[in-house]
Amino acid sequence: MRLLHTSDWHLGRSFHRVGLLDAQAAFLDHLVATVRDREVDAVLVAGDVYDRAVPPLSAVALFDRALHRLAEAGVPTVMISGNHDSARRLGVGAGLLDRAGIHLRTDPAGIGTPVVLADAHGDVALYGLPYLEPALVRERLGAAKPGHEAVLVAAMDRVRADLAARPAGTRSVVLAHAFVAGGAPSDSERDITVGGVAAVPTTVFDGVDYVALGHLHGSQALTPRVRYSGSPLAYSFSETDHRKTMWLIDLGADGEVAAAERVDCPVPRPLARLRGRLEDLLADPAHDRHQDSWIEATLTDAVRPHDPMARLAERFPHTLHLVFDPERADTESLASYAQRLRGRSDQQIAEDFVSHVRVGAGLDAAERNVLYGAFDDVRVDTAATEREGGR
Ligand SMILES: [Mn+2]
């Protein structure tokens, strides 16, 4: 059975000040063309269909068109909600869409009820696990502990129980939206850390033949059968070196991954990160090849040049982002707020703040629990508000 695995479309998202709706429409054209040209048997969309709980109408219209075209192509599609989606809003009409072969799984209640497809070698059961916010679903799933790992273990127990009751030899696929250990993040995923622990081990997914993951925006294979497709477009300059693709997976007669191919997504415009003094960036012939790229420029001039954006735009009309990183001996004190925070979690930043105001006295274990608990409460409040459609 041939599966096309994609995720993290983030419909409605823009890149700095550039709207990406046309690029997202081009990606969806490419998806539908791939389904037809490569004789795909099922499409898997592993969450973050939209960028926001309440997406702009233009994004909703784009999604609507995609649903119609997938249904017309006659290819079964399984989709889950991600941490950016409002599960309730995305799931509207799911029962009706089912009849058109589009299987939206946004409710944890449906985790143990697969979409069953068949080929010459028998059945394939496809289980959709929507993004599971631990504090909201722990009780309902009967998870033993708080945290991402415990709720995913409970969800996977339901999957394995259902699978065990099916005829021997039934092959299985799971879609999940999670941060799985070993995966490399970028700057454009929303943090889902709980209690300081974000990543769950790949062993959580033991017992199924293929795991189609969403959340991380770089394409990667954690094991041959546990993969992230990554987003179809770059959503931050940290993804400059990513190759954006979908996975075309051939699931063999015994559930083995017989083939895994990366299908390239259309690139609206390449990305480039340039660094140096403004005059050098404007003069260096090596940068000729970046003239049509979206540019992030880090200027190292000791004195901030006059109107740098306008001057850069003369050579690089698609300059989107400027960073100032002057070359001086005491760069520490001059580093911008953003530079000092780069690559650090909210928890680390808060811990450093506490130790700063207490002149070096860091957090003890009890204080750290209180702090992490507060972060979790804020996230749960936000997620609960979105579930109730409050915003
Ligand atoms: Mn995402």
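The following exchange examines a predicted model, moving from its domains to its helix pairs and then to selected residues.

Biologist: How far apart are the centres of domain 1 and domain 3?

Modeller: The domain assignment of the chain places domain 1 at 2–264, domain 2 at 271–324 and domain 3 at 337–390. Taken over C-alpha atoms, the separation between the centres of domain 1 and domain 3 is 29 Å.

Biologist: Is H1 roughly parallel or oblique to H2?

Modeller: Helix H1 covers residues 21–37 and helix H2 covers residues 57–73; their axes are 10 Å apart and the packing angle is about 10 degrees. Angles under 35 degrees count as roughly parallel. The relation of H1 to H2 is therefore roughly parallel.

Biologist: Which residues of H2 meet H1?

Modeller: On the H1 side, the participants include Leu-21, Leu-28, Val-32 and Arg-36. Their counterparts in H2 are Ser-58, Ala-59, Leu-62, Ala-66, Arg-69, Leu-70 and Ala-73.

Biologist: How is H5 disposed relative to H6, roughly parallel or oblique?

Modeller: Helix H5 and helix H6 (residues 148–164) pack with axes 10 Å apart, at an angle of about 40 degrees. That angle is not under 35 degrees, the bound for roughly parallel, nor does it fall in the range of 65 to 115 for roughly perpendicular. H5 is therefore, with respect to H6, oblique.

Biologist: What is the handedness of the crossing of H5 and H6, and which residues of H6 make the contact?

Modeller: The crossing of these two helices is left-handed. From H5, the contact involves Pro-134, Val-137, Arg-138, Arg-140 and Leu-141. From H6, the contributors are His-148, Val-151, Ala-154, Ala-155 and Arg-158.

Biologist: Is Arg-138 buried, partly exposed or exposed?

Modeller: Arg-138 belongs to helix H5 (residues 134–141). Beyond four places in sequence, its contacts are Ala-143, Ala-144, Lys-145, Pro-146 and Val-151. Because its relative accessible area is 32%, which lies between the cut-offs of 20% and 50%, Arg-138 is classed as partly exposed.

Biologist: Where is Ser-229, and is Ser-229 buried or exposed?

Modeller: Ser-229 occupies the loop between strand S12 (226–228) and strand S13 (245–251). Its relative accessibility is 1%, and the upper bound for a buried residue is 20%. Ser-229 therefore counts as buried.

Biologist: Which side chain forms a polar contact with the side chain of Ser-229?

Modeller: Leaving out residues up to four places away in sequence, Ser-229 touches His-5, Thr-6, Ser-7, Leu-213, Ser-219, Thr-245 and Trp-247. A side-chain polar contact, at 3.1 Å, links Ser-229 to Ser-7.

Biologist: Which backbone oxygen does the side chain of Trp-247 reach?

Modeller: Trp-247 sits in strand S13 and is buried, at 8% relative accessible area. Among its contacts beyond four places in sequence are Leu-3, Tyr-210, Tyr-228, Ser-229 and Glu-261. At a distance of 2.9 Å, its side chain reaches the backbone oxygen of Tyr-228.

Biologist: How far apart in space are Trp-247 and Ala-259?

Modeller: These two residues are twelve residues apart in sequence. From C-alpha to C-alpha, the distance between Trp-247 and Ala-259 is 9.8 Å.

Biologist: Which side chains make polar contacts with the side chain of Ser-236?

Modeller: Ser-236 lies in the loop between S12 and S13 and, at 8% relative accessibility, counts as buried. Outside the four-place window in sequence, Ser-236 touches Phe-15, Ser-186, Asp-187, Ser-188 and Leu-271. Its side chain has a polar contact of 2.7 Å with Ser-238, and another of 2.7 Å with Glu-239.

Biologist: What is the phi of Glu-39, and is Glu-39 buried or exposed?

Modeller: Most residues other than glycine have a negative phi. Glu-39, in the loop between H1 and strand S4 (42–46), is not a glycine, yet its phi is positive, about 50 degrees. With a relative accessible area of 64%, over the 50% cut-off, Glu-39 is therefore exposed.

Biologist: What is the phi of His-215, and is His-215 buried or exposed?

Modeller: His-215 is placed in the loop between strand S10 (210–214) and strand S11 (220–223). Although not a glycine, His-215 has a positive phi of about 125 degrees. Its relative accessibility is 4%, so His-215 counts as buried.

Definitions and conventions
Residues numbered from 1 in each chain as written. Predicted model: local features only at pLDDT ≥ 70, side-chain atom pairs only at ≥ 80, totals over all residues. Heavy atoms only, no water. Domains from an automatic or database assignment. Helix = DSSP H or I, 4+ residues; strand = E, 2+ residues; numbered from the N terminus. Buried < 20%, exposed > 50% of the residue type's maximum accessible area, 1.4 Å probe, protein only. Polar contact = N/O pair within 3.5 Å; in protein donor to acceptor, adjacent residues only side chain to side chain. Contact = heavy atoms within 4.5 Å. Axes fitted to C-alpha atoms, helices over the stretch in contact; angles between N-to-C directions. Parallel < 35°, antiparallel > 145°, perpendicular 65-115°, else oblique. Left-handed = near helix turned anticlockwise from the far one by under 90°.
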